[in-house]
There are 2 protein chains.
Amino acid sequence: MTVTIKNVAKLAGVSIATVSRVQNGVGQVSPETKAKVLAAIRQLNYVPNRIGQALQKQRHGALGIVFPDFSGPYYGGVLLGLENQAVTAGYSVLVLATHRRQESARLITELSSRVDGMVIMDRTVSDSTISAIADSGIPIVLLARSAIGDLPSVRSENQIPAIELMTHLTKDHGYRSFAFLGDPQIAYDVTERWRAVNKVAHEQNLARPKLIRCGYRQQDGYQAAQKLLTQGTLPQCLLCANDEVAFGVYQALRENNIRIPDEIAVTGWDDIPTSELISPPLTSVQQPTQQLGDLAAQKLIQIIETENTRLENDVLSSRLVLRNSCGCNH
Amino acid sequence: MTVTIKNVAKLAGVSIATVSRVQNGVGQVSPETKAKVLAAIRQLNYVPNRIGQALQKQRHGALGIVFPDFSGPYYGGVLLGLENQAVTAGYSVLVLATHRRQESARLITELSSRVDGMVIMDRTVSDSTISAIADSGIPIVLLARSAIGDLPSVRSENQIPAIELMTHLTKDHGYRSFAFLGDPQIAYDVTERWRAVNKVAHEQNLARPKLIRCGYRQQDGYQAAQKLLTQGTLPQCLLCANDEVAFGVYQALRENNIRIPDEIAVTGWDDIPTSELISPPLTSVQQPTQQLGDLAAQKLIQIIETENTRLENDVLSSRLVLRNSCGCNH
DNA sequence: CGTTATCCTGTAAACGTTTACGATACAATC
DNA sequence: GATTGTATCGTAAACGTTTACAGGATAACG
């Protein structure tokens with residue numbers, strides 16, 4: 001059914017070696033045979049089988065990326081950046097979302113046997129699994145994840161903008177009580193932010209911010225806020241793990257006729273496009289999502305192609321964006 | 001460096017055939033040798049090379065999906081559904097975004113040589129390229145795309161909700177002049193909606209809706225609305241190709257102090273989570289994005305595994321969601 | 001004409017699997 | 001003891017490619 005190099009060779013009346021040479025433009029081939037082979041290739045619509053090539057070349061020509069899941073603009077941005085770089089460099093992209101599946105380890109290990117290198121995001125799988133894969137020889141770049149051994153990593157800055165944000169909220173607006181909506185155990189970025197928030201609160205002798213554990217979708221934020229509303233007195237400011245959670249919080253507060261920022265302040269993280277538009281505009285922190293994917297791909301490809309395993313950890317800067325939801329006049 | 005079946009065989013003191021048998025649990029193998037082999041596998045941390053398997057089995061164990069790009073929750077939902085089904089069925093997922101690249105045809109053809117089947121969305125590549133790939137024998141499912149030959153397809157309903165929407169806007173609210181923001185030449189879904197809109201307008205003896213060509217991101221909607229604002233009298237209602245475009249329109253109208261829906265009505269499409277939350281809440285049409293991915297994957301896998309090329313075209317239903325932005329009291 | 005260099009092309013091995021087939025050993029049956 | 005059957009395991013081919021190597025033809029040179 002499918003046409004192989006043999007079919008082409010037979011049709012052109014040459015050996016498969018010659019077909020391969022023509023196809024790849026290597027070695028010596030006379031103009032006449034070259035023409036014959038090209039004609040045969042065209043006639044049969046031959047495309048080389050990537051598996052055969054991969055087996056021979058010991059290269060898959062593919063990169064893998066492991067997401068915790070795909071929801072939201074953050075992951076979309078990362079994927080976009082990564083895919084773009086990969087395709088430009090001639091690689092295909094395999095995606096895997098772990099979704100907290102039990103079998104994540106198996107799936108990731110399996111994925112590792114069909115790519116030349118992989119980017120692993122966040123808390124998708126245990127450190128030991130990653131180490132095992134790295135030991136087996138395939139390059140790994142960690143993305144928005146805590147360090148493992150000396151594996152290279154890419155992440156965005158969390159601590160500095162989190163401190164900036166908290167300082168702004170306490171110093172400029174005078175808020176003294178906080179709640180944090182998110183799950184520091186799931187995402188590394190959130191862990192860092194949660195730590196920074198606590199640090200500032202402690203330094204300023206505030207009560208420990210209340211942690212409301214929730215997922216990262218709008219719906220999760222909605223539920224978390226509702227839960228918070230049943231728990232008696234509200235804090236002065238709600239720090240949300242990302243903008244979508246903040247949107248859910250908006251929803252719950254609106255339903256309860258609680259005004260932002262007059263009665264309570266809300267902040268997000270990621271600065272997705274809608275945050276500027278929503279009412280009131282959401283104070284957030286801009287992350288270079290696409291650049292994260294870009295950089296991870298570049299780094300990975302560099303390691304694959306130059307075998308340069310120099311351990312570099314890149315941190316991209318994030319920018320605090322103040323808007324009306326924290327009490328500012330923007 | 002990487003450990004192959006040979007290494008395992010040597011360590012266990014058996015032939016590679018036996019290792020394969022143990023690994024796959026087929027054929028007869030005595031308990032003792034089985035134990036030896038398993039010990040060796042564990043000790044060396046052996047995972048079978050997918051390429052070797054693929055070459056032998058003549059199956060890649062992978063599905064490809066071609067997007068026009070990744071922006072927005074729509075594509076995220078589709079990918080999520082597709083990936084989930086694929087992984088559950090034991091397939092990996094390769095993604096490719098064409099981004100209107102010149103070389104799309106080459107990239108897609110190349111992709112086709114490393115998957116067992118592929119899902120092709122929208123206007124990502126020419127019909128002839130797709131036909132050529134289909135002719136070469138690999139199964140294809142079209143997603144949200146116009147029909148090609150008798151290739152199976154999956155899409156969501158556009159015409160019915162578009163007519164419903166237009167009927168509502170004209171009959172219930174009495175709007176007589178419209179503009180449509182989007183690009184019917186890019187997305188098939190949008191083509192269908194644009195046609196339906198025109199049909200209703202014509203039936204009701206309205207002026208032909210004005211087409212403002214723009215992309216599908218918030219920013220595109222913003223620019224399109226600004227352009228519209230410089231063109232003299234505004235229509236009574238703006239029909240946006242998706243919710244993100246509508247968000248951009250909101251932004252532009254707000255900057256010009258034009259109130260929605262009092263001075264102008266706005267509608268979107270997709271009903272993304274934020275649309276309920278934004279002010280005013282956006283009238284939109286709910287599409288089952290995840291289900292689209294689900295179904296496409298299921299269909300593709302079925303074709304691959306049963307060679308059943310029965311030509312079915314599935315149309316998932318969409319639901320009109322009326323909110324305040326069109327003038328309703330919701 | 002003999003030697004050598006150059007150009008072209010074919011042969012065969014290798015990549016890592018799976019699996020049909022055959023070989024061996026041993027038990028069971030007559 | 002000869003025959004047959006069964007359980008186990010190894011040999012080798014096959015999948016589609018690339019490429020080192022060798023071989024043959026032709027041209028160049030003495």
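**DNA strand D and a helix pair in chain A**

User: Which atom of A:Gln53 comes 3.1 Å from a phosphate oxygen of DNA strand D?
Analyst: In this predicted model, an N or O atom in the side chain of A:Gln53 is 3.1 Å from a phosphate oxygen of DNA strand D.

User: And B:Ser30, which part of that residue faces a phosphate oxygen?
Analyst: A polar backbone atom of B:Ser30 lies 2.8 Å from a phosphate oxygen of DNA strand D.

User: What does B:Gln58 approach on the strand?
Analyst: A sugar or linking oxygen of DNA strand D is 3.2 Å from a polar side-chain atom of B:Gln58.

User: How many residues surround DNA strand D?
Analyst: There are 28, and the closest are A:Ile5, A:Ser20, A:Asn49, B:Thr18 and B:Thr33. Of the strand atoms that come within 4 Å of the protein, 66% belong to sugar and phosphate.

User: Which helices supply that surface, and how do its residues divide?
Analyst: At least two residues each come from α1, α2 and α4 of chain A and from α2 and α4 of chain B. The surface residues comprise eleven nonpolar, 15 polar and two charged.

User: Changing topic: at what angle do α8 and α9 of chain A cross?
Analyst: Their axes cross at roughly 40 degrees and come within 9 Å. The two helices are therefore oblique to each other.

User: Is that crossing left-handed or right-handed?
Analyst: The crossing of α8(A) and α9(A) is right-handed.

User: Which residues meet there?
Analyst: From α8(A), A:Gln159, A:Ala162, A:Ile163, A:Met166 and A:Thr167 meet A:Arg193, A:Ala196, A:Val197, A:Lys199, A:Val200 and A:Ala201 of α9(A). The residues of this contact are seven nonpolar, two polar and two charged.

How values were computed: Residues are numbered from 1 along each chain as its sequence is written. Chains are lettered from A and ligands numbered from 1 in the order in which they are written. This is a predicted model: local features need pLDDT of at least 70, side-chain atom pairs count only at pLDDT 80 or more; totals for chains, interfaces and linings use all residues. Side-chain values use heavy atoms; hydrogens and water are left out. Axes are lines fitted to C-alpha atoms, for helices over the stretch in contact, and angles run from 0 to 180 degrees between N-to-C directions. Helices (H or I, at least four residues) and strands (E, at least two) are DSSP runs, numbered from the N terminus. Angles under 35 degrees count as roughly parallel, over 145 as roughly antiparallel, 65 to 115 as roughly perpendicular and the rest as oblique. A crossing is left-handed if the near helix is turned anticlockwise from the far one by less than a right angle, and right-handed if clockwise. Contact means heavy atoms within 4.5 Å. Ala, Val, Leu, Ile, Met, Phe, Trp, Tyr, Cys and Pro count as nonpolar, Asp, Glu, Lys and Arg as charged, and the others, Gly among them, as polar. A residue is near a molecule or strand if one of its heavy atoms lies within 4 Å of it. A polar contact is a pair of N or O atoms within 3.5 Å; within protein, one must be able to donate a hydrogen and the other to accept it, and residues adjacent in sequence count only if both atoms are side-chain atoms.
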